[in-house]
Amino acid sequence: MERAAVRIVGAGPTGALLAILLQRRGHAVELYETAEGGTSLQPYGQRPNELIYSISRHRLNQTLLEIACRQPGVTVHFEHRFESAEFDQGIALIRDLRQDRLISVRMQPLLATDGAGSWMRRCMSSMHLIEAHETDLEHGYKELSMPADAAGRHRMACDALHIWPRGNYMLIALPNADGSFTATLFLAKRGEASFESLTETSAIDRFLSRSFPDACELMPDRIEEFKNHPVGFLGTVSASPWHHRGAAALIGDSAHAIVPFHGQGMNCCFEDCVEFDACMAKHASWDRVFAEFGALRKPDTDAIAAMALDNYLEMRERVAHPKFQLQQALSLELERRFPQRFIPRYSMVMFHHEIPYHTALERGAVQAELLAELTAGAVSTLRDIDFERAEREIRAKLAPLN
Ligand SMILES: Cc1cc2nc3c(=O)[nH]c(=O)nc-3n(C[C@H](O)[C@H](O)[C@H](O)COP(=O)(O)OP(=O)(O)OC[C@H]3O[C@@H](n4cnc5c(N)ncnc54)[C@H](O)[C@@H]3O)c2cc1C
């Protein structure tokens with residue numbers, strides 16, 4: 001494979017990790033990024049008996065970027081924005097924002113890790129080199145804060161993800177190390193109760209205090225924050241293929257951004273980097289690397305996109321229903337009885353890295369059907385469950401997971 005410098009646009013988590021991996025394989029790397037920073041903190045919560053550690057995405061990004069910058073052969077160009085590509089000539093146009101001048105560089109190839117709003121994806125799509133879709137959720141989100149108490153302690157349990165499901169909208173709160181919580185309100189962008197319609201202080205106050213009376217007591221700055229904080233975008237990106245010949249490839253969120261309700265977006269991007277690295281070890285041409293990478297990863301990224309959307313419905317709606325709660329309890333019980341065959345879908349995704357996303361989706365569908373059957377009708381507690389039938393069905397439908 002040609003050893004000319006590989007270009008990467010976007011020094012988020014994907015771009016920074018890829019730069020490190022490419023350098024280890026002997027490639028020089030030119031990394032272009034328009035800002036000096038990264039993304040913002042959004043920690044995730046915990047389940048009863050399996051832990052999810054929350055860390056700052058921003059700090060993780062910074063750390064990876066610092067490591068990338070220290071590698072010999074990796075050059076980072078801050079304040080440089082990718083603007084367009086001319087595929088027939090094999091060049092990319094990048095603006096040096098400090099001097100406001102456009103420079104043209106050979107693609108050799110160019111890896112686009114420029115995130116959900118990827119300019120490279122839009123370029124490739126407008127030239128009909130790929131098909132790409134961006135599906136906005138009808139909901140957006142706003143962050144609100146819940147400060148620590150006077151002694152600097154958390155004012156709710158700090159070993160849990162708190163959810164206030166309200167059907168068409170919801171509030172969640174995640175603990176921070178300093179005793180505060182970051183609360184996130186997910187709400188329709190337009191319509192009757194929406195970010196667009198709630199503009200007056202009295203209307204905002206009424207909406208929040210009627211919907212979340214207990215949470216409001218913990219959010220003294222809620223009105224000001226509601227008015228001043230931006231509405232975050234939530235959406236799903238899909239593209240196919242992810243590359244054009246051996247010239248350019250989309251990797252990470254630029255290829256497959258997902259809604260954040262499974263807390264898996266960045267993990268999915270890191271899996272991309274590892275798989276991409278494995279493809280580089282196997283093939284001598286970029287064209288082959290890109291083609292195999294896309295073929296291997298797409299089933300898994302499609303699966304996690306679907307599961308992240310489904311988790312949204314689960315968090316804002318289903319989590320409050322008694323039948324759903326019974327099914328949750330039953331799935332934990334079935335996991336205890338048949339740990340090799342029945343693992344709740346959420347656990348497969350969050351705690352079993354060895355189970356690919358597409359397998360979790362497929363087995364999850366079989367399990368959901370089984371849970372619905374076993375809890376149908378008048379069944380209302382675990383004591384009512386026909387466990388003999390459960391065992392028969394599980395052995396027939398769910399092969400052991402080594
Ligand atoms: C609210 C929210 C919560 C989340 N929570 C979690 C979570 O709990 N767990 C998890 O795993 N994931 C989470 N994610 C997802 C995770 O943040 C993303 O999957 C991850 O950041 C994607 O990494 P990336 O490098 O592909 O893209 P990005 O992080 O978007 O980075 C893209 C980089 O490219 C740069 N760039 C953009 N355009 C250009 C250009 N034209 N030229 C040069 N550079 C450019 C940007 O400045 C940026 O640095 C969350 C996302 C959101 C929105």
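**Stop 1: the loop with His128**

Select the loop between helix H3 (119-126) and strand S8 (131-136); His128 is found there. Check its backbone. Phi of His128 is near 60 degrees, a positive value in a residue other than glycine. Keep in mind throughout that this is a predicted model.

**Stop 2: two cis prolines**

Go next to the loop between S6 and strand S7 (110-112), the place of Pro109. The peptide bond that leads from Gln108 into Pro109 is cis, and its omega is near -20 degrees.

Now jump to the loop between strand S13 (235-240) and strand S14 (243-244), where Pro241 lies. Show the bond from Ser240 to Pro241. This peptide bond is cis, with omega near -15 degrees.

**Stop 3: the three-stranded sheet**

Select S4, S5 and S6. They form an open sheet of three strands in the order S4-S5-S6, and the pairing is antiparallel. Which strands stand at the edges? Strand S4 (80-86) and S6 do, each with a single partner strand, so one side of each is left without a neighbour in the sheet. Look along the sheet for its twist. On average, neighbouring strands are turned by 30 degrees against each other, direction ignored.

Stay with one pair. Strand S5 (residues 91-96) and strand S6 (residues 101-106) run antiparallel and are joined by six bridges. Pick two positions on S5. Ala92 stands opposite Val105 in S6. Ile94 has Ile103 of S6 as its bridge partner. Display the side chains as you go. In a regular strand, side chains alternate between the two faces of the sheet.

Then follow the chain round the turn. S5 and S6 form a hairpin with four residues between them. Select Asp100 in that turn: its phi is positive, about 45 degrees.

**Stop 4: the six-stranded sheet**

Select S3, S2, S1, S7, S15 and S14. Six strands make an open sheet in the order S3-S2-S1-S7-S15-S14, and here the pairing is mixed. Strand S3 (74-77) and S14 stand at the edges; each has a single partner strand, so one side of each lacks a neighbour in the sheet. S14 also bounds the loop that holds Pro241.

Zoom in on S1 and S2. Strand S1 (residues 6-9) runs parallel to strand S2 (residues 29-32), with four bridges joining them. Arg7 is a residue to label here: its bridge partner in S2 is Glu30.

**Stop 5: H1 against H8**

Turn to the helices. Two packed helices are described by the angle between their axes and the distance between the axes.

Select helix H1 (residues 13-24) and H8. They pack at an angle of about 25 degrees, with their axes 9 Å apart. The two helices are therefore roughly parallel to each other. H1 passes H8 in a right-handed crossing. Show the side chains at the contact. H1 contributes Pro13, Thr14, Leu17, Leu18, Leu21 and Leu22. From H8 come Met266, Cys269, Phe270, Cys273, Val274, Phe276, Asp277 and Met280. Colour them by class: twelve are nonpolar, one is polar and one is charged.

**Stop 6: a salt bridge from H8 to H9**

The structure holds 21 salt bridges. For one of them, select Arg297 and Asp272; their closest N and O atoms are 2.8 Å apart. This pair links distant parts of the chain, with Arg297 in helix H9 (residues 286-316) and Asp272 in helix H8 (residues 265-282), 25 residues apart.

**Stop 7: H10 and its two partners**

Select helix H10 (residues 322-337) with helix H13 (residues 387-397). The pair packs at an angle of about 65 degrees, with axes 12 Å apart. H10 and H13 are therefore roughly perpendicular. H10 passes H13 in a right-handed crossing. Leu330, Glu333, Leu334 and Arg337 in H10 meet Phe387, Ala390 and Ile394 in H13. By class, this contact has five nonpolar, no polar and two charged residues.

Now swap H13 for helix H12 (residues 357-374). The axes of H10 and H12 come within 10 Å and cross at roughly 115 degrees. That makes H10 roughly perpendicular to H12. H10 passes H12 in a right-handed crossing. The contact is made by Gln327, Leu330, Ser331 and Leu334 of H10 and by Leu371, Ala372 and Leu374 of H12. Five of these residues are nonpolar, two are polar and none is charged. End on Leu330 and Leu334: they take part in the contact with H13 and in the contact with H12.

Note on methods. Residues numbered from 1 in each chain as written. Predicted model: local features only at pLDDT ≥ 70, side-chain atom pairs only at ≥ 80, totals over all residues. Heavy atoms only, no water. Axes fitted to C-alpha atoms, helices over the stretch in contact; angles between N-to-C directions. Parallel < 35°, antiparallel > 145°, perpendicular 65-115°, else oblique. Left-handed = near helix turned anticlockwise from the far one by under 90°. Contact = heavy atoms within 4.5 Å. Nonpolar A, V, L, I, M, F, W, Y, C, P; charged D, E, K, R; others polar. Pairing = 2+ DSSP bridges. Salt bridge = Lys/Arg side-chain N within 4 Å of Asp/Glu carboxyl O.
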